[in-house]
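Please follow the path taken below through this structure, beginning at a turn between two strands and moving outward from there.

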Amino acid sequence: MSQDTEYTPPKVWTWRQESGGQFASINRPIAGPTHDKELPVGQHPFQLYSLATPNGVKVTVMFEELLAQGHEGAEYDAWPIKIGDGDQFGSGFVEVNPNSKIPALMDHGTEEPTRVFESGAILLYLAEKFGAFLPADFKARTEALNWLFWQMGSAPFLGGGFGHFYAYAPVKLEYPIDRYAMETKRQLDVLDRHLAEHRYLAGDEYSIADMANWAWYGQLVLGRLYEAAEFLQVHTYEHVVRWAREIDARPAVQRGRMVNRTFGEPELQLHERHDASDFEHKTQDKLAPQP
């Protein structure tokens, strides 16, 4: 594939497995499982199959916030889905999410087990089930949902657009990087203007809208995505930075970032979560003398 001449699309597109950059080995134009693999099931009603990417962090933060609020019924088992290894194409995972994307959730506490897939759907499902992190006031609830679904429609331009071409594509191309950098900065400006007048996205109340947006835009301005903080000058969005830092300081958010994290600093990794005491064990492991 030539990168120094203009591309003329053929009349019929064909799949070239060698193209696609860092994730070429797991991207394909068809759905369905590639292999048989059952999913593990633990002791709690909620079984979460995920990874600590931004979309996965949304849900683990929500679970940890529910538990911090005292909802004992929100205890969950978390199982890592290593997307780089193709775990999302196992038959068991595809049964939970036919789209083969993390996160995916099974609720075994219903009369018949209930599957929930897509991060926004999981956040809303849990918020309604526990009556938490979604304002009761009609206007504020609507505003929270506005920003929840704004994130669902906007973040693909940040992740699949900017993130892919800036960080993961096999070659750096000016046009797509400029195109998606412009859109990412526009989105940050949307948030910045709103947060200049509101503590949280739905007003004074922290909600699932903040969890969803923080996982992407909050971590972006905190310098955790794509090593692009300087390139995008994220520090100039001062109201987004203020909001991001406030949420980042929440203990439940810090715990949520650790769950099913298989990359980065070892002290921030908790590859599986099966009980609240896992965090205590993790702390003990971190403080224990190394051999």
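A hairpin of 6 residues joins β3 to β4, and these two strands pair in the antiparallel sense over 4 bridges. Within that pairing, Met106 has Arg115 of β4 as its bridge partner. The model described here is a predicted one, with a mean pLDDT of 93 for the protein and 93% of its residues reaching 70 or more.

The hairpin belongs to an open sheet of 4 strands, whose order is β2-β1-β3-β4 and whose pairing is mixed. At its edges stand β2 (76-80) and β4 (114-117), each of which pairs on one side only, and from one strand to the next the twist averages 20°. As a general matter, the strands of a sheet pair through backbone hydrogen bonds, either parallel or antiparallel. Here strand β1 (residues 46-50) and strand β3 (residues 104-107) pair in the antiparallel sense, again over 4 bridges. Along this pairing Ala104 of β3 is the bridge partner of Tyr49, while Gln47 stands opposite Met106 in β3.

Where do the side chains of β3 point? Ala104 and Met106 point one way from the strand, Leu105 and Asp107 point the other way, and all of them are buried. Leu105, which lies in strand β3, counts as buried because its relative accessibility is 0%. Beyond its neighbours within four places in sequence, Leu105 is in contact with Phe46, Gln47 and Leu48, with Phe63 and Val96, with Thr114, Arg115 and Val116, and with Ile122 and Leu126. For a sense of how far the model extends from this residue, Leu105 and Gly223 are 118 residues apart in sequence and 29 Å apart in space, taken from C-alpha to C-alpha.

Two helices can now be added to the sheet. Helix α3 (residues 119-130) lies across β1, β3 and β4 and runs at about 130° to β4. Strand β1 pairs with β3 in the antiparallel sense, and helix α1 (residues 54-68) packs on the sheet, where α1 touches β1, β2 and β3 and its direction makes about 150° with that of β1.

How are these two helices placed relative to each other? The axes of α1 and α3 come within 9 Å and cross at roughly 10°, which makes α1 roughly parallel to α3. On the side of α1 the contact is made by Asn55, Lys58, Val59, Met62, Phe63 and Leu66, and on the side of α3 by Ser119, Ile122, Leu123, Leu126, Ala127 and Phe130. Sorted by class, the contact of α1 with α3 has 9 nonpolar, 2 polar and 1 charged residues.

Another helix pair can be described in the same terms. Helix α5 (residues 174-195) and helix α8 (residues 238-248) pack with their axes 7 Å apart, at an angle of about 75°, and α5 is therefore roughly perpendicular to α8. This contact is made by Leu188, Leu191, Asp192 and Leu195 of α5 together with Glu238, His239, Val240, Arg242 and Trp243 of α8. By class, the contact of α5 with α8 has 5 nonpolar, 1 polar and 3 charged residues.

A last remark concerns confidence. Over residues 287-291 pLDDT stays under 50, and for this stretch the model has 1 contact beyond four places in sequence. Where pLDDT is low, the predicted coordinates should not be read in detail.

Methods:
Residues numbered from 1 in each chain as written. Predicted model: local features only at pLDDT ≥ 70, side-chain atom pairs only at ≥ 80, totals over all residues. Heavy atoms only, no water. Pairing = 2+ DSSP bridges. Axes fitted to C-alpha atoms, helices over the stretch in contact; angles between N-to-C directions. Contact = heavy atoms within 4.5 Å. pLDDT = per-residue confidence, 0-100. Parallel < 35°, antiparallel > 145°, perpendicular 65-115°, else oblique. Nonpolar A, V, L, I, M, F, W, Y, C, P; charged D, E, K, R; others polar. Buried < 20%, exposed > 50% of the residue type's maximum accessible area, 1.4 Å probe, protein only.
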